[in-house]
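Dear colleague,

I am handing over a structure that I have been going through, and I would be glad if you kept it open while you read the notes that come after it.

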Amino acid sequence: MSSKSPVVGLLGGGQLGRMLCESGAPLGAQIAVLDVENCPAKQINNSRLHVTGSFKDPAKIKELAAKCDVLTVEIEHIETEVLEEIDTNGIQIRNADGTTTTRKVAIHPSWKTLRLVQNKYEQKEYLRRQGIPVAEQVAIQSGDAMPASMEAASQKFGFPWMLKARKDSYDGRGNFKVSSRADLEQAAKEFGNLSCYAEKWVPFELELAVMVIRTEDRAGKMRRVIPYPAVETVHEDNICSKVFMPPRNVSADVCRRAQKVATSVVEKLWGRGVFAVEMFLTKDGDIIFNECAPRPHNSGHASIESIPYMSQFKAQLAAILDEPLPDVLEPHVSSSIMINILGGAEPDSHLPLVETAKSMYGNKTAVYVHLYGKESKPSRKIGHITVTGFGPIVDLEQFARPLLSMTDVIRQERLRASRKALRPRAAPTPEQPKAAKENPLVLVTMGSDSDLPVLKAGIDILNQFGVPWEVDITSAHRTPDKMAQVATDAASRGIKVIIAAAGGAAHLPGMLAAYTPLPVIGVPVKATHLDGLDSLLSIVQMPRGVPTATVAINNSTNAALLAIRFLGAFIPPLLEKMQKYQLEMEHQVKDKATTLRDLDVDAYLAKMGQK
């Protein structure tokens, strides 16, 4: 393999890999990608060295390493054990004559950095010991010791504070806001099996980010770090939507301090490449480290046009291949705005935005469109637009207003479509999703299969909200032993709510409630006699000490919605979906009121088909 043309192995071939290949092509860089066959990076980079498979598969990683001089990543969630093995022992290469040779393969950033950043608690603890300003945090013990550990955190921080999973916590997932002591029990139930930590609540004014280039000599000793200009990142629906350079209404001194914090973070890590450092700016002007990504990052996309001689992607290649880098990274423009193109309610929702961007030209401004070759799905990052200018950021923001407004329209349509999907509707066809077999949260049970048509409407609601459930037939009179076992075992299996339908004597919901500490919601079923009033009274008249929630006769829809409200108390995405559902019902009533005002009564009844 020629030393003039080293092969870079890339673990992951999404949009970051695609832009890395785009940057490397003019330089003649050889980039071999490990990912699925038609990933975005492979679409624009044809190479016989590509490997098809998962970038989390150790065997495939070794297969790629055997073809490369250096390995790098576009995502940090890689099995670091195999990278450590390659770094320590090299990779076995089979020669044409059947013999094997061990060859050294460089890994940048280092597996040590990847392993550290995968655990957010350890990442922050390590950086805190290095003098980096981070939010105060304490470890939370798991299992039986968790309640006492959380109580200690509450005493230390007061309310509110954040309970966070150490791993796989991103975009709001793996986070639980503990607002009062009443939240502790639910937090323990939701996070009891996870490795967690508590973080002091830190209100912030805005989010800042700085990309940093890190170089090392061949012995692994750091040479220097070079920061890019600080930017402001804006998140909507837990996704980065816009990036402003320079940050709006932020002083140059704050930007310099953000660069200093970012470079201090990267100095403490290992390996070559570009690193994204995200920070919070508080109302008191303090800069608090949030997290680090050891790779090119969404917040650095505008560098393709604003610093064309050394974009973050060109810098990634130059750093890991130990090629010359500038001493200072100065943008060629005064301001830039990066706008993420996120999939809308329809597959073509983004096309008017793209066409508008292509048509925009201004005095000393420029607009650049990047599409990633991805199928459009709601909220998926399918491209970005960069707007650059030579005036202040406020002027550039005004020039970009049509694009910013269109992205907001796409977002609102996406949210409305989400609300529409949650509207109460008729029972779906049998092809609708069946019961979730893994990790059900709701047990739907009945005394007889004759009750199933009544429960079908509630099951449809659970499907609409994406709540995993399971269904069973459990008679309080004909299978009392099974009923008791089902109720007793439910909590330990992960069930959070039980919905039970029964007619006539309707003992099932109350008996289940007697055997389980979980909330039980009874659905009275209209039987042959008394129109279901007997069922309703049987369930609602439970004795003191054995509460059993009860909905109207045959109203399994309300039972499912009530179950979702219980779950939403400790599962934020379900709480948000319920809020959208309620808002959609409000919109429906207002729409009907408007129509009734516009029409007379006879016309409205005719429209309803009632005249």
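What follows is a short account of two helices and of a pair of strands.

Please bear in mind throughout that this is a predicted model.

I begin with helix α7, which covers residues 146-157. At 1.5 Å a residue, its twelve residues should span 16 Å, and because its end C-alpha atoms are indeed 16 Å apart, the expected and the computed values agree. The buried residues of α7 are M146, S149, M150, A153, S154 and F157, and since these fall within an arc of 145° when the helix is viewed down its axis, they line one face of α7. On the other side of the helix, A148 and Q155 are exposed. As for what the buried residues of α7 pack against, the partners are the strands β8 (137-140), β9 (161-165) and β11 (196-200), together with α8 (184-191). After α7 comes G158, which has a positive phi, near 75°.

Helix α12 (residues 351-359) can be described in a similar way, with L353, V354 and A357 as its buried residues. Seen down the axis of α12, these buried residues fall within an arc of 100°, so they line one face of the helix.

Turning to the strands, β21 (residues 442-446) and β22 (residues 469-473) run parallel and are joined by five bridges, with V444 standing opposite V471 in β22. Between these two strands the chain passes through helix α15 (residues 452-465), and the resulting β-α-β crossover is right-handed.

With best regards

Definitions and conventions: Residues are numbered from 1 along each chain as its sequence is written. This is a predicted model: local features need pLDDT of at least 70, side-chain atom pairs count only at pLDDT 80 or more; totals for chains, interfaces and linings use all residues. Side-chain values use heavy atoms; hydrogens and water are left out. Helices (H or I, at least four residues) and strands (E, at least two) are DSSP runs, numbered from the N terminus. The expected span of a helix is 1.5 Å times one less than its number of residues. Buried means under 20% relative accessible area, exposed over 50%, partly exposed in between (1.4 Å probe, protein chains only). The arc is that of the directions from the helix axis to the C-beta atoms. Contact means heavy atoms within 4.5 Å. Two strands pair if DSSP finds at least two bridges between them. A crossover is right-handed if, with the strands pointing away from the viewer, the path from the first strand over the helix to the second runs clockwise.
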